[in-house]
Amino acid sequence: MTTAQSPVELVDLGVQPTPLALLLLGREADPRSERGVECPGDLPSPSDPDLVERARAAKEKLGDKVFVLGHHYQRDEVIQFADVTGDSFKLARDAAARPDAEYIVFCGVHFMAESADILTTDDQKVVLPDLAAGCSMADMATAEQVAECWDVLTEAGIAEQVVPVSYMNSSADIKAFTGKHGGTICTSSNAKRALEWAYEQGGPLPAKVLFLPDQHLGRNTAVRDMGFSLDDCVVYNPHKPNGGLTVEQLRDAKMILWRGHCSVHGRFSLESVEDVRARIPGVNVLVHPECKHEVVAAADYVGSTEHIIKTLEAAPAGSKWAIGTELNLVRRLANRFAAEGKEIVFLDKTVCFCSTMNRIDLPHLVWTLESLAEGNLVNQIEVDRETEQFAKLALERMLALP
């Protein structure tokens, strides 16, 4: 970031930097935000040829005291040290199922580590190898913005009808808001069930849903899976007065979508789908529901990360697949199933890793494991008691879904 201008220079140019802009530039730290901007400690050199052996030695020294979680989007160099792999919620539950592990090292991003801290015991310490490993989608909805949105809904006279449904890819603050206001959490696998539950909560007036923070998962679930029309959905933009919506639009909407998206899945386009079909005759297009609606509509199959993996496991030999999700996972799947004659390609021609997920590299993991092995607790992720209480309430509502 050495080429970026300082906040003073930006002001002199007539540009007022927002707190989020300063955060992304590494100029500020916000303990209530998704990400931090510093990782204390002396990291090993990424060119150190002994990194793999150092990680193995530190992990062996820690033994059962450490449990390493690896998200599907992690690099192979990190995944090789994971005790379990999976999506964010599966990993958090796996951590909760290992109460004897003193340290939970979460190779993922900040909101995932928060969820693990919420679900594990007070004696367990959740560690994120790099505090700057955040999630751009989760960053798109802050607690202050969502509180202001609720004020807008209250002034419009519809807050009592609105049930918040928040995607797992959200900060603990947003999960707590959801729990406090009678809502539930969802994953990309159970979003339909969560929405059905939310619409059943209506009283004298039909329920509406405020879906946070990914507009695409909310829209795709409502329209593709539940038969809503696109006109039933409106997008609330937290950067515009009243979300950029009129009172009439809010009152008429069945689904109020937060203006957020995944920086990886949002890159895929209809042109990507058309191009891969032209290049690979007979290809099956399989995408994540965080993709844009037109991409999901043009795909052959749509599903969560776990669904994508299971679909490819069950696919016949010789079949061809273009996958619309994070590149680390697609490449790993392509290598895994190559021997079975399955051709698996990335949906887009442009290389696209999850940049924040990729902050967890081997030097950060080695530094973390060696620090813990020496008795030094680093980069602990802790959710305060009140936030944990209400966030857990929202998670429990999800777990109670039929």
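This is a short dialogue on reading sheets, helix packing and burial in a predicted model.

Student: Let's start with the sheet. How do strands in a sheet pair in general?

Tutor: Strands pair through backbone hydrogen bonds, and the pairing is either parallel or antiparallel. In this model, an open sheet of 4 strands shows parallel pairing, in the order β2-β1-β3-β4.

Student: Which strands stand at the edges?

Tutor: Those are β2 (84–86) and β4 (125–127). Each has a single partner strand, so one side of each is left without a neighbour in the sheet. On average, neighbouring strands of this sheet are turned by 25° against each other, direction ignored.

Student: How many bridges join β3 to β4?

Tutor: There are 3 bridges between β3 (residues 103–107) and β4, and the two strands run parallel. If you would like a place to look, find V105: its bridge partner in β4 is V127.

Student: Which helix packs on the sheet?

Tutor: Helix α17 (residues 362–373) does, touching β1 (66–71), β3 and β4. The direction of α17 makes about 175° with that of β3.

Student: Now for helices against helices. What describes two packed helices?

Tutor: Two values do the job: the angle between their axes and the distance between the axes. Take helix α15 (residues 305–314) and helix α16 (residues 327–337), which pack at an angle of about 20° with their axes 11 Å apart. Angles under 35 degrees count as roughly parallel, and α15 is therefore roughly parallel to α16. The crossing of α15 past α16 is right-handed.

Student: Which residues of α15 and α16 meet?

Tutor: From α15 come T305, I308, I309, L312 and E313; from α16 come L329, L333, R336 and F337.

Student: Is α16 largely enclosed or left open, and why?

Tutor: Burial means a relative accessible area under 20%. By that cut-off, 8 of the 11 residues of α16 are buried, so the helix is largely enclosed by the rest of the structure. The buried residues are L327, N328, L329, V330, R332, L333, A334 and F337. They pack against α4 (76–79), α15, β12 (320–324) and β13 (343–346).

Student: One bench question about cysteines. How many disulfides does a search of the whole structure find?

Tutor: The search finds 0 disulfides.

Student: And are C186 and C233 buried or exposed?

Tutor: C186 is buried, with a relative accessible area of 0%. C233 is buried too, with a value of 12%.

Definitions and conventions
Residues are numbered from 1 along each chain as its sequence is written. This is a predicted model: local features need pLDDT of at least 70, side-chain atom pairs count only at pLDDT 80 or more; totals for chains, interfaces and linings use all residues. Side-chain values use heavy atoms; hydrogens and water are left out. A disulfide is a pair of cysteine sulfur atoms within 2.5 Å. Buried means under 20% relative accessible area, exposed over 50%, partly exposed in between (1.4 Å probe, protein chains only). Two strands pair if DSSP finds at least two bridges between them. Axes are lines fitted to C-alpha atoms, for helices over the stretch in contact, and angles run from 0 to 180 degrees between N-to-C directions. Contact means heavy atoms within 4.5 Å. Angles under 35 degrees count as roughly parallel, over 145 as roughly antiparallel, 65 to 115 as roughly perpendicular and the rest as oblique. A crossing is left-handed if the near helix is turned anticlockwise from the far one by less than a right angle, and right-handed if clockwise.
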